[in-house]
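Got the viewer open? Let's take a short tour, one selection at a time.

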Amino acid sequence: MAGKGLLFIVSGFSGAGKGTIMKELLRRYDNYALSVSATTRKPRPGEEHGKEYFFISREEFEEMIRNDELIEYARYGENYYGTPKKYVEEMMAAGKDVILEIEVQGAQKVKEKMPETERIFVTPPCAEELRRRLLGRGSESEEEIERRLHRAVDEAPYMPQYDYILVNDDLDRAVEELHALICAAHKKSVHKQDMIDEINKQLSDMMRGGN
Ligand code: 5GP
């Protein structure tokens, strides 16, 4: 894809299946880059430093805040999560569409700084399904699951701020729908200013030429 990549935010309830959608999107298409966040939370089984997250200490995280190395950061439960600037900027400059998988407060901060960012909220088809998925994951304590469900209640009021609501009832369909949304965003006039300018210039040259 020619030109600059665009920035997208994907948020959603913990357990909505954002991670699985992202993995599958990246496997199917090569024009995407998924930003790797820094976090102070401990890795879950199978998670690797530099892959799912940069797992760092609270001191290291606070150092990144002080050095202005993060586009945004937020507290989620007991932990800090933040988006490192460098990778996002490099990937967009290289023409990749960059996806930030972040929670609602971080999403709000990015939107304030970069208003043209498109935001997508992923939800399972119903609340009961959310609980089933959190239980099925088996990696969280009962208290943590309870906390995440309460968090969903707190996050739901943010849904209307999002540009799109993506219902994850079927992985294949959700991945293709997300891809289609991103493709459509590229056609928006706000991202087509160069082309609009060029056509206008050609039209005025044509008129001056007396045709
Ligand atoms: P988890 O611990 O389940 O991996 O993530 C918890 C929440 O933190 C999820 O909603 C996830 O989208 C969000 N999150 C992950 N990385 C970031 C980040 O860099 N910034 C913000 N604001 N939220 C993040």
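Start with the ligand: 16 residues surround it, each with a heavy atom within 4 Å of it. The closest are Ser37, Arg41, Tyr53, Tyr81 and Glu103. Before going on, note that this is a predicted model, where local features need pLDDT of at least 70, side-chain atom pairs count only at pLDDT 80 or more, and totals for chains, interfaces and linings use all residues. Numbering runs from 1 along each chain as its sequence is written, and side-chain values use heavy atoms, with hydrogens and water left out.

Next, select arginine 41: one of its polar side-chain atoms is 2.7 Å from an oxygen atom of the ligand. Then click glutamate 103, where a polar side-chain atom lies 2.6 Å from a ligand nitrogen atom. At glycine 82, a backbone N or O atom sits 3.0 Å from an oxygen atom of the ligand. The protein covers 95% of the 510 Å² of accessible area that the ligand has on its own (Shrake-Rupley method, 1.4 Å probe).

Now show the whole shell around the ligand. Strand E5 (70-76) and strand E6 (79-84) are the elements that give two or more residues to it (strands are DSSP runs of E, at least two residues, numbered from the N terminus).

For a last stop, go to aspartate 68, in the loop between helix H2 (58-66) and E5 (helices are DSSP runs of H or I, at least four residues). Aspartate 68 isn't a glycine, yet has a positive phi of about 55°. Most residues other than glycine have a negative phi.

Finally, colour by pLDDT, the predictor's confidence in each residue, from 0 to 100. The chain averages 94, and 98% of the residues score at least 70.

Definitions and conventions
Polar contact = N/O pair within 3.5 Å; in protein donor to acceptor, adjacent residues only side chain to side chain.
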